[in-house]
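Dear colleague,

I am passing on the structure below, together with some notes on what was found in it. Please read the notes with the model open beside you.

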Amino acid sequence: MKNIYAIILGLLVWTGAVAQPFKGDVTITCNAVEERGEVLYLDLNIHIRRLAMNKCQSWTIIPELSASTLDTKRFPSVLINGKNKRQMYERKQKYNSESWQAKLPYQLVNVTKETDTTLRYIMEVPYEFWMDDASLIVRQILTSCADGQQLFTVNVAKHVTLEPKIPYEVNPQVALIEPEKELVKNRNIQAQAYLDFPVGRSVIVPDFRRNPEELSKIQMTLQGVQNDPDVVITGMFIEGYASPEGSYALNTRLSNERAQALLDYVANNFGINRNIIRASATPEDWDGLRLLVEDSSIPNRDEILAIIDSDLDPDVKEARIKRFPSYRTMLNEMFPQLRRSDYRVDFTVKDYSVAEAAVVIEKDPTMLSHYELFTLANTYELGSPEFDRVYDVIFRLFPDDEVSNINMATVMYMRGEYTGAKRRLEGIDNNAEALNTMGAILLLEGDIDAAADYFQRARALGSPNAQHNLDEVEAKRADNEKMERYRNR
């Protein structure tokens, strides 16, 4: 609310023995005396009615903020002159020194006969803590025609209006790391084929038992790669496996021959250059058997696992396992799963433009490189559903890549998922952006000292955002001190 103080100049000022009456008045309206961030803002209206004083009189108005005799701030004065005083003042202004000129008032007002004058008095000064308890007074010095003076003091505002304080919200900056480009985009497809062979033979019979279905799967896998204009097949690897049934020597021969049989079949029937196909064999897949037994609930499970894990000769292992009643179950249910051929098709993929990547990600994102996905994500607004979707693909395709994990942590930080982000960053102590993002999380969590340590280390490693974040740390520390003072008001 504005405070209006009318200063009526209907007083008598004595100069010698002659009384001189004043004919007018001055009204001071306090619009504001308040804290505004880092400054004290003072706003007064000084209304001077016409003929506020005789022509040989002057009125000096001096606003002053005071909390004690030591804590005082005096503001520039306003000088109101009658006609004669104005003429005297102008002569002094014309002929006196620069030191006198430096003492000029905030504003000079000359009283006229015709109109009222309203002066808007606005000042801003740096805010100091002592001003919390200060009040605003206006000192008025009335100078008569004979230069006699009277002093009047009016309390204009009993206290400064304090700004309601909201804690400073830090705004740390983080950055995503651009992954390196792949010089050659090597990819592969891995699958398994459970081909059936007549007992003791290594020839593939296309229409024997499950073979039509299994061979069709291999053909579809290869055709999917062969028919893609964006890829070039660079190799194929076949690994043949046999179950522990029968002698190790026989299984060695059969697994090698059956792997070679599949190589020949692929080269002869599916249009793959024989020169880029390699084959090898694992005579008896004891590792695979162990997984199947461990995942089962067959009787004597632990004893069978102990035999599998032993250093015994493979044929001795089989002989001992045969003693258990569970062997029949293993023979019928587990051994067929071990008789297989694993195969891998290696190929290279072309580089994609951003526009092409936006299409490929919908069909088969595995064809895109980390760099291509990163570039595509940057075309979307940060935090948009499209941006988040691309990053979810990156995280799924490159879970063990350090840059992927750091970027994942940074995106999680931007989503407000601080716990998950910190888990991603654990143990990464030599990457500037990892340290910077960890510092940002700690700063938002209120651990200022730990955040400062991370930002300093990030700055040393070259993070472009670390200095800004260190400035945010200092701003928050200063604000915490202020907030403590405000709490104690």
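**A sheet, a helix pair and two loop residues**

Val232 has Thr348 as its bridge partner in strand E16. Before going further, please keep in mind that this is a predicted model. The bridge just named joins strand E14, residues 231-241, to strand E16, residues 341-349, and these two strands pair in the antiparallel sense over 9 bridges.

Both strands belong to an open sheet of 4 strands, which has the order E13-E16-E14-E15 and mixed pairing. At the edges of this sheet are strand E13 (185-193) and strand E15 (277-282), each of which pairs on one side only. On average, and with direction ignored, neighbouring strands of the sheet are turned by 20 degrees against each other. Helix H4, residues 248-269, packs on the sheet, where it touches E14, E15 and E16, and its direction makes about 155 degrees with that of E15.

Further along the chain there is a pair of helices, H14 (residues 432-445) and H15 (residues 448-460), whose axes come within 8 Å and cross at roughly 165 degrees. Because angles over 145 degrees count as roughly antiparallel, H14 is described as roughly antiparallel to H15. The crossing in which H14 passes H15 is left-handed. The residues of H14 that meet H15 include Leu435, Met438, Leu442 and Leu443, while those on the H15 side include Ile448, Tyr454, Phe455 and Arg457. Sorted by class, this contact of H14 with H15 has 12 nonpolar, 2 polar and 1 charged residues.

Two loop residues also deserve a look. Asn54 is placed in the loop between strand E5 (39-48) and strand E6 (58-66). Is Asn54 buried or exposed? Its relative accessible area is 17%, and because buried means under 20%, Asn54 counts as buried. Computed along the sequence Asn54 and Asn81 are 27 residues apart, whereas in space the C-alpha to C-alpha distance between them is 8.9 Å.

Gly148, for its part, lies in the loop between strand E11 (135-143) and strand E12 (149-157). With a relative accessibility of 23%, Gly148 counts as partly exposed. If neighbours within four places in sequence are left aside, Gly148 is in contact with Leu142 and Thr143. Gly148 and Gln57 are 91 residues apart in sequence, and in space they are 9.6 Å apart, C-alpha to C-alpha.

With best wishes

Terms used: Residues are numbered from 1 along each chain as its sequence is written. This is a predicted model: local features need pLDDT of at least 70, side-chain atom pairs count only at pLDDT 80 or more; totals for chains, interfaces and linings use all residues. Side-chain values use heavy atoms; hydrogens and water are left out. Axes are lines fitted to C-alpha atoms, for helices over the stretch in contact, and angles run from 0 to 180 degrees between N-to-C directions. Angles under 35 degrees count as roughly parallel, over 145 as roughly antiparallel, 65 to 115 as roughly perpendicular and the rest as oblique. A crossing is left-handed if the near helix is turned anticlockwise from the far one by less than a right angle, and right-handed if clockwise. Contact means heavy atoms within 4.5 Å. Ala, Val, Leu, Ile, Met, Phe, Trp, Tyr, Cys and Pro count as nonpolar, Asp, Glu, Lys and Arg as charged, and the others, Gly among them, as polar. Buried means under 20% relative accessible area, exposed over 50%, partly exposed in between (1.4 Å probe, protein chains only). Two strands pair if DSSP finds at least two bridges between them.
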